[in-house]
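Reader: I would like to learn how to read the contacts between and within the chains of a model such as this one. Could we go through them step by step?

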There are 6 protein chains.
Amino acid sequence: MITRHDRVAVDLPMPSGPNANGAAAVQELLGGKFGEMSTLMNYTFQSMNFRGRDAAHARPFYDLIANIAAEEYGHIELVTYTINLLLTGTSTRGTDPAAEPLAGVENNRNTHHFIASGQTALPMDSMGRPWTGDNVFSSGNLKLDLLHNFFLECGARANKIRVYETTDDPTVRAMTGYLLVRGGVHVVAYARALEVLTGADLSKLFPIPDISNKAFPEAKVLEDQGLHLILYRNNPKDYARVGEVFKGPHPEDGQPLVVEDGLPDGVAPPLLEEEPQLTAPGIGAIDDEMLREIMKRLER
Amino acid sequence: MITRHDRVAVDLPMPSGPNANGAAAVQELLGGKFGEMSTLMNYTFQSMNFRGRDAAHARPFYDLIANIAAEEYGHIELVTYTINLLLTGTSTRGTDPAAEPLAGVENNRNTHHFIASGQTALPMDSMGRPWTGDNVFSSGNLKLDLLHNFFLECGARANKIRVYETTDDPTVRAMTGYLLVRGGVHVVAYARALEVLTGADLSKLFPIPDISNKAFPEAKVLEDQGLHLILYRNNPKDYARVGEVFKGPHPEDGQPLVVEDGLPDGVAPPLLEEEPQLTAPGIGAIDDEMLREIMKRLER
Amino acid sequence: MITRHDRVAVDLPMPSGPNANGAAAVQELLGGKFGEMSTLMNYTFQSMNFRGRDAAHARPFYDLIANIAAEEYGHIELVTYTINLLLTGTSTRGTDPAAEPLAGVENNRNTHHFIASGQTALPMDSMGRPWTGDNVFSSGNLKLDLLHNFFLECGARANKIRVYETTDDPTVRAMTGYLLVRGGVHVVAYARALEVLTGADLSKLFPIPDISNKAFPEAKVLEDQGLHLILYRNNPKDYARVGEVFKGPHPEDGQPLVVEDGLPDGVAPPLLEEEPQLTAPGIGAIDDEMLREIMKRLER
Amino acid sequence: MITRHDRVAVDLPMPSGPNANGAAAVQELLGGKFGEMSTLMNYTFQSMNFRGRDAAHARPFYDLIANIAAEEYGHIELVTYTINLLLTGTSTRGTDPAAEPLAGVENNRNTHHFIASGQTALPMDSMGRPWTGDNVFSSGNLKLDLLHNFFLECGARANKIRVYETTDDPTVRAMTGYLLVRGGVHVVAYARALEVLTGADLSKLFPIPDISNKAFPEAKVLEDQGLHLILYRNNPKDYARVGEVFKGPHPEDGQPLVVEDGLPDGVAPPLLEEEPQLTAPGIGAIDDEMLREIMKRLER
Amino acid sequence: MITRHDRVAVDLPMPSGPNANGAAAVQELLGGKFGEMSTLMNYTFQSMNFRGRDAAHARPFYDLIANIAAEEYGHIELVTYTINLLLTGTSTRGTDPAAEPLAGVENNRNTHHFIASGQTALPMDSMGRPWTGDNVFSSGNLKLDLLHNFFLECGARANKIRVYETTDDPTVRAMTGYLLVRGGVHVVAYARALEVLTGADLSKLFPIPDISNKAFPEAKVLEDQGLHLILYRNNPKDYARVGEVFKGPHPEDGQPLVVEDGLPDGVAPPLLEEEPQLTAPGIGAIDDEMLREIMKRLER
Amino acid sequence: MITRHDRVAVDLPMPSGPNANGAAAVQELLGGKFGEMSTLMNYTFQSMNFRGRDAAHARPFYDLIANIAAEEYGHIELVTYTINLLLTGTSTRGTDPAAEPLAGVENNRNTHHFIASGQTALPMDSMGRPWTGDNVFSSGNLKLDLLHNFFLECGARANKIRVYETTDDPTVRAMTGYLLVRGGVHVVAYARALEVLTGADLSKLFPIPDISNKAFPEAKVLEDQGLHLILYRNNPKDYARVGEVFKGPHPEDGQPLVVEDGLPDGVAPPLLEEEPQLTAPGIGAIDDEMLREIMKRLER
């Protein structure tokens, strides 16, 4: 079970302007094979499926995977809100359908943002293909699952880098910068888990791909604050033993890894303006009387 | 963001025995079009995508959808653990691959439970087809989204009924009985939301399909305790106004609907035994020395 | 069985010009989840699958679903011809492949219109993804199927509205205007069916989404003629009892619903010019002698 | 547009008994790549997409394709009713869900027949995979489309043969026997169309695969009556010129091909019994009072 | 088993410039339903699956299919290298991710070329949809499989023609010109196989679609050299009897068909420049010291 | 380009008997996410897509990937022939379709083996889902691609182990035993490549999953002969430098890795008997005269 908080992990700046194709590209980080839906669902299923977790030698690995799964939920939020902010204002606001409020939408790469949704995100990739459960790997063998997760996070890292490189939009850069750092923690976490499990030293593999987070200004500023060293212990009581795996020096800069209890503070989710031409949300859309009646029924 | 709890909503009894095809059938309730992945993801995306939610007349609807999304996370756990328990022991335990420990698996309906996973659940349906993001509907229009959700919950109810009817296994029945009741609350919640939004009275539509939860012994016992009347306010501070929508009499038995703060108590997740023939989890599988070394590295 | 007529339901004006991306967008109304392929196939399968239809209380519902299915066939025609007209002339006519007749096609959103088809429609959506049988819902429970259909028509209505809003092209507007009205009849029909079945009054739910057909000039002119009140009894003898369900006042304007026997008059399908650069149709393409020989073989 | 008739093309005998896996296998002929959904939709789209059809030398080909499309609608009915009859009675009838009415369903190959539908057909193949618009080929080039159709019908013929060979069930055999004959007419029709178009003589290719319809008793009896020689001119006025293509001797037995106006007589669709354990249709399921009220509302 | 050669069949000229959307369109010829992945895999599976091939009358057909399969491997190379050359230089080279090296990529039709791959091909079509095993037809019946192959090659020919027509880019034209000729040989080969098998004369069907290869300058020059007459006997010893099928006059120009032993000479594959902004390949990307160490480890 | 040899890598014993469901399970190793289609296509695309391969430090990695790709072609053959042998004789041979030669097929897990193919393999997995190009990963970053390949081979190893464990059939065991050894070489090869590229030591990760090849009798006998130490240099001239990467001690038993020039000797492919009830291959099926005519046309 979860307790959901009406807060997102980091404060996203406003976009430099509406950007429909930018939003379409960012979808890769949400619903792509290496998007946040994949990290969320891989670790969620691996944790629910973890056999033999009650053994003393197994529990820290379970705690780690379950704990990272919890953080990923916050990541689908960040990517989704980035997409939603980019899509805000990408068509002409108004209530007259005959005024062509969606003129030009037919030339956007992702028409589903306008036809299927109300200028908001959907669980699909940058080609508009839906996320699929095929993206979940859960073999039951811990070593293989950890290797998968290490690879998945490296692949996710490559995607974030490349989406970052498409744009100077501040929202996209803030989001990818943050996720490069937090995803970077997960790369390290899974490498450490493999190391603790097998005794191998994977530190020379870093970074994958061959470019440091420090090369990304929005990531560098966060790493300068040490955000790449911290694993948030989502629920200190329930996932108590993550620190038995997540420990030692960071493979890239050698600073000590740290476990911190609780969630990041976060902020309230960004405001999403109405798009009346899409009747989104359309509450009381036809006339004011309707709205008054809704209020009355709410207050009753 | 979420806080994840290492507890599941209800105590699942042990299955009457290993049952691979039973597990395959239950997958419908996890990864089918009307499975819990769908309810979880529909409401999660609708809440993140809710435009204009800051308006006074909109917020209670946002709170309701966000809040129900949070409960659905607990439902994917229940279905997943049911599948995992059914699959436990469905092959022969042992470490000698030449002893044919998976003999007979080729005749099971879902071979991926054994080849792709470690006798555990995956996000797919009862035909082994993966859950897809196409199952998420998020039009941005509140009335249409609520109508969708009302339909989705009714469709989900039909699937639970039918899976229930396949078996007398206590785990499956306890799980479906519980979900019929809790899903029933969501049917009511979305009907009430449509009623508050439009003034229509949908109570005569109940129940869909045309059979009462009371006909299911495992559901009836819970309804006798009033569980069908309660909406858990997942996070009382953040989703404060759900009660402005979820109120009034239950459409079927006329008892007053209630909002209750916090999560159900829940219990620790069921223990999942190791399946060594699948090296699940395979920690220290080759010899005891390995295991000792792992322990040493954990304790370091 | 069907008798097919070489006529389409309404006279489509010519487009303001060739428009490849416009055609790509309109595909949503043909092969999208809420497109006419979905309405056609849902009702066709539900009618073929209707158990117990021979009971007196069931037959009017069967007649209604079967009858609406028949009308939907005419709707896939209208959307298809709209797409075909928009695609006509979108490349350069000619028989010399070296003259780059398809120059620029690589920048169109839907390349399959040019590579897979002869500048004509295919059963796919506005993202170029094929229609799928997964879009068919046929649970066997009448109430649930009717609720689905009511939702499906409302979702289809939202899509038509949004495609309408993308353009001032006369063909697209005439087609969507007509389908908003006819689809509107189906929304009413399924609401009435639910009402007759359960006694609930759904009229306050209208319209979904929250915008009236009267806001669309091309729809308004048809509603002024009362087209939104008429259910065409496709085959008066075979689906005789539709009027036991489709009756009473229209939920939006209160005018009496009417059953009218037979099909709309319709008109001959629009002419589709040849596109020789695609050898569409390519009959006798290589030289005139070929054409003469074909004629001879036809006349033999 | 179409006029739909509440009749099916041929009288199907009752199955020798309920047969869930038999029904699952027959799905191939409905929603498989070479199933009737494919023939119906290929020819429907090719006819709507036919460019330059108004030319004198083109029209007979258009008429042929449009006309065969119309017959295929009747074929999806026959396969669907066969499946529905096979599924009738495959679970235990009753209204008590706790009595395990669907016991054993978990071992059936197609669980969606019971969970997603009410023991009836869905547009999927024998592996439970949905029919897809990818199965539609419509290149716009007449010769290529005809070659495709010739191949499609031969592939469909192979599938019918193989499904026939799985069983001695009278319903399946009657249906496949009939469709082998009628599909055989379509093989001939497309071969003749290619011959008229190009002058090639394809008769030596027959039969594909290398087995005659006469080897199937249920087909032979129909061929003895000459049913393999007749093309039904679905709408004599609108598709007047089919006979300019469909003419000459049958390639296998040399008898003259014939065009016959109108549809086969057909019979009323088979009765499909209720399956109350699936609330299919569930009209008035809870009590008799409900039923009386429905009747009252119908009669009002 | 195969011996792989580091050579491609024909020398591709450099593109007139980087062309991301051009590359996206060419993908149809690689991963489309009628792309080279399909021809390769259809014939590969048909050859491995060929039952009864050891019979004297069967072996020449087996040899033919197996032999053509081998040539198709070279065709996926040619299409892939064309795509890779077109994508080379489509973004800004450099190592600073903050310099927006991928600016504008969000407007390209295929974002996966930049996010999922390193500006190179993937097995997908021009709409970005992955190639699927559903494209493989292998019925086991030789006549039906040959008919399929004949149709597949004609469909592939249509696609090549249409992609050719989109552009005057020299790489695309050289590639499509070459493949039109070589694919043309395969059309003839499968027609001849059907003729030898059945005695039918298919020569009047040519060409499909109705335009000659000679109309394409880059194909004509190759046909003037007789390349359309030659079947390369990939492995003279192992597929010795192809000439018993591939013989007689070419159906279009009447020149004698020829079997030639061995592969075309071919040339070294084109050089593909590095794209450092995608860390492709990223070897020693961080600093020179890394590169020296790699060299040392290689030489060790 | 390739030269194809009509030989398979290893001599497969005959199965202990026909086994349709066994064949269905083995499909996972052919068309599953981790099947041989995936290894073949991943490395083939990665090699064609390798940017900067002409640099001295890059070429050995290119040679390695290209070379392993070539071996994988031989592996799809082995899995395919295993499936084909298992399917041989799974229905009743004969030419009378009315004798129910396919009786019981409706209860087999994979009906496409009988309806779509002639009791032979298709590129699908053990759930009957087609292989997809989505399974190809080719990021362009060498380190990431190598990590992917290392993971892919470990995942493939897990699948082979589990399929092995389902059966004591000699064909399946011989095939999986051989592929465990050869796939094991590829695991080592990609680990070595990562080590040479980065300097990391991955040997302690072995084996993944946690069970040695020596535990499989059919693999052990081959490892005793040293087959797990040999990389076959498929084309010594063209992929000359593989030995700069594939060298050093085997990570599990410490024996020296070896590069051997050329292919394994291999043997002729297994004979596949005809299945006349499926007209596979159906050459001259109708009567002997046909067969004589075919022979005449071949010899002409």
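Author: Let us begin with backbone pairing across a chain boundary, keeping in mind that this is a predicted model. Strand 1 of chain A and strand 1 of chain B, residues 2-4, run antiparallel and are joined by three bridges. Within this pairing, R4(A) stands opposite I2(B).

Reader: How many bridges join strand 1 of chain C to strand 1 of chain D, and do those strands run parallel or antiparallel?

Author: There, too, three bridges connect the two strands, which run antiparallel, and I2(C) is the residue that faces R4(D).

Reader: How should I judge the extent of the interface around such a pairing, and what area do chain A and chain B bury between them?

Author: The size of an interface is often given as the accessible area lost when the parts come together. For chain A and chain B that area is about 7,900 Å², with 56% of it on carbon and sulfur atoms. M1(A), R4(A) and R51(A) contribute 15% of what chain A buries against chain B, more than any other three residues. Counted by contacts, 95 residues of chain A meet 95 residues of chain B.

Reader: Which elements of chain A give two or more residues to the side that touches chain B?

Author: Across this interface there are 70 residue pairs in polar contact, both residues being at pLDDT 80 or more. On the side of chain A, the elements giving two or more residues are strand 1 (2-4), helix 3 (36-48), helix 4 (59-87), helix 7 (170-198) and helix 9 (288-299). Helix 4 gives the most, with 15 residues, and by class this side of chain A divides into 47 nonpolar, 28 polar and 20 charged residues.

Reader: What is the count of salt bridges between chain A and chain B, and what is it across the interface of chain D and chain C?

Author: Between chain A and chain B the count is three salt bridges, whereas the rule finds two across the interface of chain D and chain C. In the former interface, R59(A) and D6(B) meet with an N to O distance of 2.9 Å; in the latter, D6(C) forms a salt bridge with R59(D), the closest N and O atoms again being 2.9 Å apart. A network of salt bridges also links R51(A) with R93(B), E273(B) and E275(B).

Reader: How do I read a salt bridge inside a single chain, and which parts does the pair of E273(A) and R93(A) tie together?

Author: It helps to ask where each partner lies in the sequence, and then how accessible each one is. The side chains of E273(A) and R93(A) meet at 3.0 Å, N to O. E273(A) lies in the loop between strand 3 (258-261) and helix 9 of chain A, and R93(A) in the loop between helix 4 and helix 5 (112-115), so the pair ties together parts that are 180 residues apart in sequence. E273(A) counts as partly exposed at 46% relative accessibility, as does R93(A) at 37%.

Reader: Is R173(B), which forms a salt bridge with E218(B), buried or exposed?

Author: R173(B) is buried, with a relative accessible area of 9%, while E218(B) counts as partly exposed at 23%. The closest N and O atoms of this pair are 4.0 Å apart. Because R173(B) lies in helix 7 and E218(B) in helix 8 (residues 217-224) of chain B, the pair ties together parts that are 45 residues apart in sequence.

Definitions and conventions: Residues numbered from 1 in each chain as written. Chains lettered and ligands numbered in written order. Heavy atoms only, no water. Pairing = 2+ DSSP bridges. Helix = DSSP H or I, 4+ residues; strand = E, 2+ residues; numbered from the N terminus. Contact = heavy atoms within 4.5 Å. Buried area = accessible area lost by both parts, 1.4 Å probe. Polar contact = N/O pair within 3.5 Å; in protein donor to acceptor, adjacent residues only side chain to side chain. Nonpolar A, V, L, I, M, F, W, Y, C, P; charged D, E, K, R; others polar. Buried < 20%, exposed > 50% of the residue type's maximum accessible area, 1.4 Å probe, protein only.
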